[in-house]
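Work through the following exercises with the sequence and the coordinates at hand, and try each task before reading its solution.

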Amino acid sequence: MKRAFKMKLKPGFAVEYKKRHDEIWPELKQLLSDSGVSDYSIFLDEESNTLFAVQSVSGAGGSQNLGQNPIVQKWWAYMADIMETNEDSSPVSTPLSQVFFMK
């Protein structure tokens, strides 16, 4: 199953966002993998600072269901200065519906 969602980057932080993800913590990467997340990509629309994420998910998991995990909470706090966030530092995230698929 594929899951897609969008988030918002604060203006001027594209390079820093990429840098932080290039250096993603091994424990976070392992948690995502253990939770059934694979083939995970994030794209940036530089005109609107909108981040578009898509991931393959096995089972009912997905990165959007890991908010109670301390590793995820630490990552959110680490990213909060460069993204639009909720009060708990989680990124403001909007799930997207698939409207087309071609195989």
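The exercises below treat strand pairing, burial, backbone torsions and the largest pocket in turn.

The model is predicted, so local features need pLDDT of at least 70 and side-chain atom pairs count only at pLDDT 80 or more, while totals for chains, interfaces and linings use all residues. Residues are numbered from 1 along each chain as its sequence is written, and side-chain values use heavy atoms, with hydrogens and water left out.

**Exercise 1. Strand pairing**

Task: Determine which strands pair with β3 and with β1, and name residues that stand opposite one another.

Solution. Begin with the terms: helices (H or I, at least four residues) and strands (E, at least two) are DSSP runs, numbered from the N terminus, and two strands pair if DSSP finds at least two bridges between them.

Step 1. Strand β3 spans residues 50-57, and β1 pairs with β3 in the antiparallel sense over seven bridges. Within this pairing K2 stands opposite S56, and A4 stands opposite V54.

Step 2. β2 is also joined to β3 by seven bridges, again in an antiparallel arrangement, and here L44 has L51 as its bridge partner.

Step 3. Turning to β1 once more, three bridges join β1 to β4 (residues 94-96), and these two strands run antiparallel; F5 stands opposite P95 in this pairing.

**Exercise 2. Burial along β3**

Task: Decide whether β3 is enclosed or open, and examine S56 and V57 as examples.

Solution. The classes rest on relative accessible area, with buried meaning under 20%, exposed over 50% and partly exposed in between, for a 1.4 Å probe and protein chains only.

Step 1. Six of the eight residues of β3 are buried, so the strand is largely enclosed by the rest of the structure.

Step 2. V57 belongs to β3 and is buried at a relative accessible area of 6%. V57 and Y40 lie 17 residues apart in sequence, with a C-alpha to C-alpha separation of 9.0 Å.

Step 3. S56, also in β3, is buried with a relative accessible area of 15%. Taking contact as heavy atoms within 4.5 Å, and leaving aside neighbours within four places in sequence, S56 is in contact with M1, K2, G36, V37, S38 and D39.

Step 4. The side chains of S56 and K2 are joined by a polar contact of 3.0 Å. A polar contact is a pair of N or O atoms within 3.5 Å, where within protein one must be able to donate a hydrogen and the other to accept it, and residues adjacent in sequence count only if both atoms are side-chain atoms.

**Exercise 3. Positive phi**

Task: For D39, S89 and N49, state where each residue lies and whether it is buried, partly exposed or exposed.

Solution.

Step 1. D39, which is not a glycine, has a positive phi of about 45°; D39 lies in β2 and counts as exposed at 52% relative accessibility.

Step 2. S89, likewise not a glycine, has a positive phi of about 75°; S89 sits in the loop between α3 and β4 and counts as partly exposed at 22% relative accessibility.

Step 3. N49 takes a positive phi near 60° in the hairpin of β2 and β3, which has four residues between the strands. N49 is buried, with a relative accessible area of 16%, and, apart from neighbours within four places in sequence, N49 is in contact with M7, K8, L9, K10, P11 and L44.

**Exercise 4. The largest pocket**

Task: Describe the volume and the lining of the largest pocket.

Solution. On a 1 Å grid over the protein atoms alone, a pocket is an open set of points where a 1.4 Å probe fits, with protein on both sides within 12 Å along at least five of seven lines, and lining residues have an atom within 4 Å of a point.

Step 1. The largest pocket holds about 730 Å³ of space, where a volume is the space filled by probe spheres set on the points, and grid points are joined across faces, edges and corners. Of the 33 residues that line the largest pocket, H21, L32, Y40, I42 and W75 are the closest to its centre.

Step 2. β1, α1, α2, β2 and α3 each supply at least two residues of the lining, and the largest share, eight residues, comes from β2.

Step 3. The lining divides into 20 nonpolar, eleven polar and two charged residues, with Ala, Val, Leu, Ile, Met, Phe, Trp, Tyr, Cys and Pro counted as nonpolar, Asp, Glu, Lys and Arg as charged, and the others, Gly among them, as polar.
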